[in-house]
Amino acid sequence: MFGLLLVEDEEAIREKLMNNVAWADYGFAPVLGAANGLEALALLEKHPVKIMVTDVQMPKMNGIELIKEVKRRGYQMKIIVISGFAEFEYAQESIKLNVSDYLLKPFASKRLLEVVLRFKEEFEKEEAERSEMNDLRDQLEKNKTALAEKLLLDLLNGNAVTNIGAQLDFLGISGINNRDFQVAVIEIPENQLPEMSEEEKYLLNLHLYQQVQRLANASAYRNFVVNHHRNQVVLIFIEPDHNLPLRLEEILSQAYLALKYSLACGLGRPYRDLADLAVSYREACSALQYRYLYGM
């Protein structure tokens, strides 16, 4: 429902404005009446109003003064000014105040209804657009984890990334910037997955990802885990130390107990520039090939 305020000092005209239209049938409630600007302001303090219709010549506080005070207080509403033909100077001043519309007396109630319904439709459209934008913001917030993983994938694959600092800040992973890092790759070799259905392979990948993420988060290092390939998980360790290989061995042994599949792990060299994230990843993948010489 939309609140409507009708401000007119002549009681007969005010009653006509309030009663000649079945406002509630058109979605307006409450419908309020005021005899001057002061009464109108008192009502606005208590009731939410989307549209205000006001005369200009009124005692105590005229329509122009009322409009100025409404804008000063920051009320968000459409304002329709009504006045007589001889009040042209008021019309000019109301135009300067960016009122929504101007009706010249006398006018039919049907004409006022048309104007008010047009503004109601505008409000409904604006509200729908705001709601849609809020839904998009909610979706964006919920998808930040996936977006962060996509950004890290781009960096791991050596893709060009613009405004990297701003993106990292927005996604809440700025801790990777200007820090030493090291990339590890944990993989289930394909030769361990014979005759598996595609569904089974994806389920195993999800299990691997969840187990590695849980175990990595239990370590002393800040890290990011990226589900890179169907049989491969990438770990990015921030500010690693010389104990990292030992921690990785612990992750491998515990993940093996959970998955019942042997895992191979390759570790790249430490770097600091994010442009070298792809280099450390390639080194980790190269290190994985040594399993053919030295075993898993």
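Start by selecting arginine 118 and aspartate 101, whose side chains meet in a salt bridge with an N to O distance of 2.5 Å; a salt bridge here is a side-chain nitrogen of Lys or Arg within 4 Å of a carboxyl oxygen of Asp or Glu. Arginine 118 lies in helix 5 (residues 109–142) and aspartate 101 in strand 5 (residues 101–104), so the pair ties together parts that are 17 residues apart in sequence. Helices (H or I, at least four residues) and strands (E, at least two) are DSSP runs, numbered from the N terminus. Before going on, note that this is a predicted model, in which local features need pLDDT of at least 70 and side-chain atom pairs count only at pLDDT 80 or more, whereas totals for chains, interfaces and linings use all residues. Residues are numbered from 1 along each chain as its sequence is written, and side-chain values use heavy atoms, with hydrogens and water left out.

Colour the first pair by accessibility, where buried means under 20% relative accessible area, exposed over 50%, and partly exposed in between (1.4 Å probe, protein chains only). Arginine 118 is partly exposed, at a relative accessible area of 36%, while aspartate 101, at 17%, counts as buried.

**Along helix 5**

Stay on helix 5 and select lysine 120 with glutamate 124, a salt bridge in which N and O are 2.7 Å apart. These two residues are 4 apart in helix 5 and are therefore separated by about one helical turn. Lysine 120 counts as buried, with a relative accessibility of 12%, whereas glutamate 124 is partly exposed at 37%.

Next select glutamate 127 and arginine 130, which form a salt bridge with their closest N and O atoms 2.8 Å apart. Because they are 3 residues apart in helix 5, about one helical turn separates them. Here glutamate 127 is partly exposed, at 42%, and arginine 130 is partly exposed as well, at 40%. To see a network of such contacts, select Glu45, Glu69, Arg72 and Arg73, which are joined by salt bridges that share partners. A search of the whole structure finds 14 salt bridges.

**Strand 3 and its neighbours**

Now move to strand 3 (residues 51–55), which is mostly covered, since 5 of its 5 residues are buried. Show the side chains, and you will find Ile51, Val53 and Asp55 pointing one way from strand 3 and Met52 and Thr54 pointing the other way, all of them buried.

Add strand 1 (residues 2–7), which pairs with strand 3 in the parallel sense over 4 bridges; two strands are taken to pair if DSSP finds at least two bridges between them. Within this pairing, leucine 4 stands opposite isoleucine 51. Then add strand 4 (residues 78–83), which pairs with strand 3, again in the parallel sense, over 5 bridges, with isoleucine 80 in strand 4 as the bridge partner of valine 53.

Include helix 3 (residues 63–72) in the selection, and you have a right-handed β-α-β unit made of strand 3, helix 3 and strand 4. Right-handed means that, with the strands pointing away from the viewer, the path from the first strand over the helix to the second runs clockwise.

**The antiparallel sheet**

Further along the chain, select the 4 strands that form an open sheet in the order 7-8-6-9, with antiparallel pairing. Strand 7 (222–229) and strand 9 (264–267) stand at the edges, each with a single partner strand, so one side of each has no neighbour in the sheet. From one strand to the next, the twist averages 20°. Inside this sheet, strand 6 (residues 181–187) and strand 8 (residues 232–238) pair in the antiparallel sense over 7 bridges, and valine 183 stands opposite isoleucine 236.

Two helices should be shown with the sheet; contact means heavy atoms within 4.5 Å, and axes are lines fitted to C-alpha atoms, for helices over the stretch in contact, with angles from 0 to 180 degrees between N-to-C directions. Helix 8 (residues 198–217) lies across strand 6, strand 7 and strand 8, and runs at about 170° to strand 7. Helix 10 (residues 277–288) lies across strand 6, strand 7, strand 8 and strand 9, and runs at about 40° to strand 6.

**Last stop: the cysteines**

With a disulfide taken as a pair of cysteine sulfur atoms within 2.5 Å, the count comes to 0 disulfides. Select cysteine 265, which is in no disulfide, its nearest cysteine sulfur being that of cysteine 285, 11 Å away. Cysteine 265 counts as partly exposed, at 24% relative accessibility.
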